[in-house]
Amino acid sequence: MNNLMSYVWIMAIVTYLIRVLPLTLVRKPIKNVTIRSFLYYVPYVTLACMTFPAIIEATQIPAAGIVALVTGIVLAWKKASLFQVSMACCLMVFIVELILV
Amino acid sequence: MTEFKRGMKDGIPIGMGYFAVAFTLGIMAKNVGLSPIQGFVTSALINASAGEYACFMMMASHGTFWQMVMMTLVSNARYFLMSFSLSQKLDEKLSTWQRMIIGFDVTDELFGLAINQEGKVPPLFLYGAYCVAIPCWASGTALGIIAGNTLPLRLVSCLSVALYGMFLAVIVPASKKDKVVCALVLTSFLLSYCTRNLPFSSGTRTLILTIVISLIAAIVFPRREMDE
């Protein structure tokens, strides 16, 4: 394919179908316990897999990522909001890198 | 309108993280020859970090039509599972049109935000979050192409953990409430760490681990007391 944008269109269309088909075709609550349990667990497992070890690879030094991880876990455990947890993680990375980098 | 505003507010940390990630994607897009406008359009249409990364790699290697389709399926397959889960969080009576709009931006982060809501998710809440997230993602890519390497590394590094902080705000409270979820999160951390050097993209690795871990958990620990 010669035109770069044709790659973009293919990915955009296929990705949209991947996202929209389950949303539009599966409307009724699912009765099967195994499928329901599977769907209940999927998001937590996915997010956990994407968080670690990625968080320690995203920063300039792993130590900053580890401090952000621990800070995030503690604050989320103490029921801080989404925004507060996120900002605290950013701030910790900034401080740790300011000292160590 | 309050749901819309609440969505915008919760979309801010996501938008900031998106901006940082999109900026680095923009640098890659520049290397394969995309203009800032093309980069903006790419990100506004696709909304997927691993997917776009794969897309730029295909451009660079002059992949064929079918290679491109397969690559899309592999790198973005996890959205299929997410949309499946998200569908259960929407009002059964919600129109197909609204579902088609919601489907436009089912991403890891926005999905995380949606499932974190108590009960059914109001569509306006999602639209509010989309209104912040999509412009950040698209403009981040365009700016990455324009500005290249001029944004201070310190700032990129600091912004890049905003996303993970958001993920933690979703998985930690759920782990506190449910011992099985807690065990699954720890298992996921461990397995994800152990498999980090295998020759898969992080998208593929996440997909495989998610299916395997969740399936085993669903069989061993079925949830009988589901409310909703």
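Modeller: Let us start with a reading rule: a residue is called buried when its relative accessible area is under 20%, exposed when it is over 50%, and partly exposed in between, with a 1.4 Å probe and protein chains only. By this rule B:D178 is buried, with a relative accessible area of 15%. The model is predicted, and local features need pLDDT of at least 70, side-chain atom pairs count only at pLDDT 80 or more, and totals for chains, interfaces and linings use all residues. Residues are numbered from 1 along each chain as its sequence is written, chains are lettered from A and ligands numbered from 1 in the order in which they are written, and side-chain values use heavy atoms, with hydrogens and water left out.

Biologist: Where in chain B is B:D178 found?

Modeller: Helices are DSSP runs of H or I with at least four residues (strands are runs of E with at least two), numbered from the N terminus. B:D178 sits in the loop between helix 10 and helix 11 (179-194) of chain B.

Biologist: Which residues is B:D178 in contact with, leaving aside its neighbours within four places in sequence?

Modeller: Contact means heavy atoms within 4.5 Å, and with those neighbours set aside B:D178 touches A:Y40 and B:R223. The side chains of B:D178 and B:R223 also meet in a salt bridge at 2.7 Å, N to O, the term being kept for a side-chain nitrogen of Lys or Arg within 4 Å of a carboxyl oxygen of Asp or Glu. Because B:D178 is in the loop between helix 10 and helix 11 of chain B while B:R223 is in the segment after helix 12 (202-220) of chain B, the pair ties together parts that are 45 residues apart in sequence. Both B:D178 and B:R223 are buried.

Biologist: How many salt bridges are found over all chains?

Modeller: The search of the whole structure finds two. Besides the pair just described, B:R6 forms a salt bridge with B:E3, whose closest N and O atoms are 2.8 Å apart. These two residues both lie in helix 1 of chain B, three residues apart, which is about one turn of the helix. B:R6 is partly exposed, at a relative accessible area of 34%, and B:E3 is also partly exposed, at 27%.

Biologist: How many residues of chain B are in contact with chain A?

Modeller: There are 106 residues of chain B in contact with 68 residues of chain A. Buried area is the accessible area (1.4 Å probe) that two parts lose on being put together, summed over both, and between chain B and chain A it is about 8000 Å², of which carbon and sulfur atoms give 75%. The rule finds zero salt bridges across this interface. Helix 10 (residues 162-177) of chain B gives the most to the side of chain B that touches chain A, with 13 residues. The residues of that side divide into 63 nonpolar, 29 polar and 14 charged, where Ala, Val, Leu, Ile, Met, Phe, Trp, Tyr, Cys and Pro count as nonpolar, Asp, Glu, Lys and Arg as charged, and the others, Gly among them, as polar.

Biologist: What does the side chain of A:S37 reach?

Modeller: A polar contact is a pair of N or O atoms within 3.5 Å; within protein, one must be able to donate a hydrogen and the other to accept it, and residues adjacent in sequence count only if both atoms are side-chain atoms. The side chain of A:S37 reaches the backbone nitrogen of B:R223 at 2.9 Å. A:S37 lies in helix 2 (residues 33-51) of chain A and counts as buried, at 0% relative accessibility.

Biologist: How many aromatic pairs are there over all chains?

Modeller: Rings of Phe, Tyr and Trp (its six-membered ring) pair if their centres lie within 6.5 Å, and planes under 30 degrees apart count as stacked, over 60 as edge-to-face and the rest as tilted. By this rule the count is 10 over all chains. In B:F19 and B:F23 the ring centres are 6.4 Å apart and the planes stand at 35 degrees, so this pair is tilted. Because they are four residues apart in helix 1 (residues 2-31) of chain B, B:F19 and B:F23 are separated by about one helical turn. B:F19 is partly exposed at 22% relative accessibility, whereas B:F23 is buried at 5%. In chain A, ring pairs link A:Y40, A:Y41 and A:Y44 into a cluster.
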